[in-house]
Amino acid sequence: MVSAKKRILLIATGGTIACKRSDGGLTPVITSHELLSYVPAAKSFCVVHTLQLMNIDSTNMQAEHWIAIAAAVEKNYAKYDGFVITHGTDTMAYTAAALSYLIRNAAKPVIITGAQKPIDMDVTDARTNLLDSLRIASDDRAYGVNIVFDGKLIAGTRGKKERTHSYNAFASINFPYLASVQDDRCIFYIDDKAGLAGDTVFSHELDEKVTL
């Protein structure tokens, strides 16, 4: 169930999906606008605007960056039907969990995605993951903070990176996958948006003195 021409904001933060090779290895330099150019098929079902929020390796992601991402969603929340955040895979699960608490009771989808290989490579999972994310973010049934990876929709508080090289990098821990993308269709296994009640609540602080 994809409504025509949903308005989606693509927020880029860096990570492998945005990397190019340099003398020092992979460096995140590809912009949000450039990322979008690799998925022209998205134009058939949504209108995407882009925001380059930061361009860092996800191993450098800190609480201050989570606050900045949540603030960007809050600032633009009324303008768009959904949000897609591109991110590195190493700390993607941590960001998804943090945003799940910084953006609570979200009636609109906030999708986090990335890739095992840069989007400009000939063989990569990046283009599929980005297109799948935009497709789910444009679906009327989608809501809340979730991860999209390898065709699967994972609750933001349940994602875990279990594989370093495989495209099937993320698993949903002790909870079923919410949906999948197959043949350009979104198939929802848990379709419970109708039960969502109350306003979306944004938080603006995290205590950085808490650790495991």
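Strand β5, residues 82-86, is largely enclosed by the rest of the structure, because five of its five residues are buried. The model is a predicted one, and the points below follow β5 outward, to the strands beside it, to the helices that pack on the sheet, and to a buried residue in a loop.

**Strand β5 and its neighbours**

- Burial affects both faces of β5, with Gly82, Val84 and Thr86 covered on one side, while Phe83 and Ile85 are covered on the other.
- Strand β1, which spans residues 6-14, pairs with β5 in the parallel sense, and five bridges join the two.
- Within this pairing, Gly82 of β5 is the bridge partner of Ile8, and Val84 of β5 has Leu10 standing opposite.
- Strand β7, made of residues 109-113, also pairs with β5 in the parallel sense, here over four bridges, and Thr113 of β7 stands opposite Thr86.

**The sheet as a whole**

- Strand β5 belongs to an open sheet of eight strands, which follow the order β4-β1-β5-β7-β8-β9-β12-β13 and whose pairing is mixed.
- The sheet ends at β4 (46-56) and at β13 (185-188), the edge strands, each of which pairs on one side only.
- From one strand to the next, the twist of the sheet averages 25°.
- Helix α2 packs on this sheet, where it touches β1, β4, β5 and β7, and its direction makes about 155° with that of β4.
- Helix α3 lies across β5, β7 and β8, the last of these being residues 144-149, and α3 runs at about 160° to β8.

**Helices α2 and α3 against each other**

- In general, the packing of two helices is described by the angle between their axes and by the distance between those axes.
- For α2 (residues 63-76) and α3 (residues 92-102), the packing angle is about 55° and the axes are 10 Å apart, an angle that makes α2 oblique to α3.
- The crossing of α2 and α3 is right-handed.
- On the α2 side the contact is made by Trp66, Ile67, Ile69 and Ala70, which meet Tyr94, Thr95, Ala98, Leu99 and Leu102 of α3.
- By character, the residues of this contact divide into eight nonpolar, one polar and no charged.

**Thr95 in helix α3**

- Is Thr95, a residue of helix α3, buried or exposed? Thr95 has a relative accessible area of 0%, and it counts as buried because that value is under the 20% cut-off.
- When residues up to four places away in sequence are not counted, Thr95 touches Met61, Trp66, Ile69, His87 and Ile112.

**Ile30 in a loop**

- Ile30 lies in the loop that runs between β3 (25-28) and α1 (32-37), and with a relative accessibility of 1% this residue is counted as buried.
- Which residues is Ile30 in contact with, leaving aside its neighbours within four places in sequence? The contacts of Ile30 are Ile17, Ala18, Cys19, Lys20, Leu35, Gln52, Asn55, Ile119 and Asp120.
- Ile30 and Ala63 are 33 residues apart along the chain, and their C-alpha atoms are separated by 23 Å.

Conventions: Residues numbered from 1 in each chain as written. Predicted model: local features only at pLDDT ≥ 70, side-chain atom pairs only at ≥ 80, totals over all residues. Heavy atoms only, no water. Buried < 20%, exposed > 50% of the residue type's maximum accessible area, 1.4 Å probe, protein only. Pairing = 2+ DSSP bridges. Axes fitted to C-alpha atoms, helices over the stretch in contact; angles between N-to-C directions. Parallel < 35°, antiparallel > 145°, perpendicular 65-115°, else oblique. Left-handed = near helix turned anticlockwise from the far one by under 90°. Contact = heavy atoms within 4.5 Å. Nonpolar A, V, L, I, M, F, W, Y, C, P; charged D, E, K, R; others polar.
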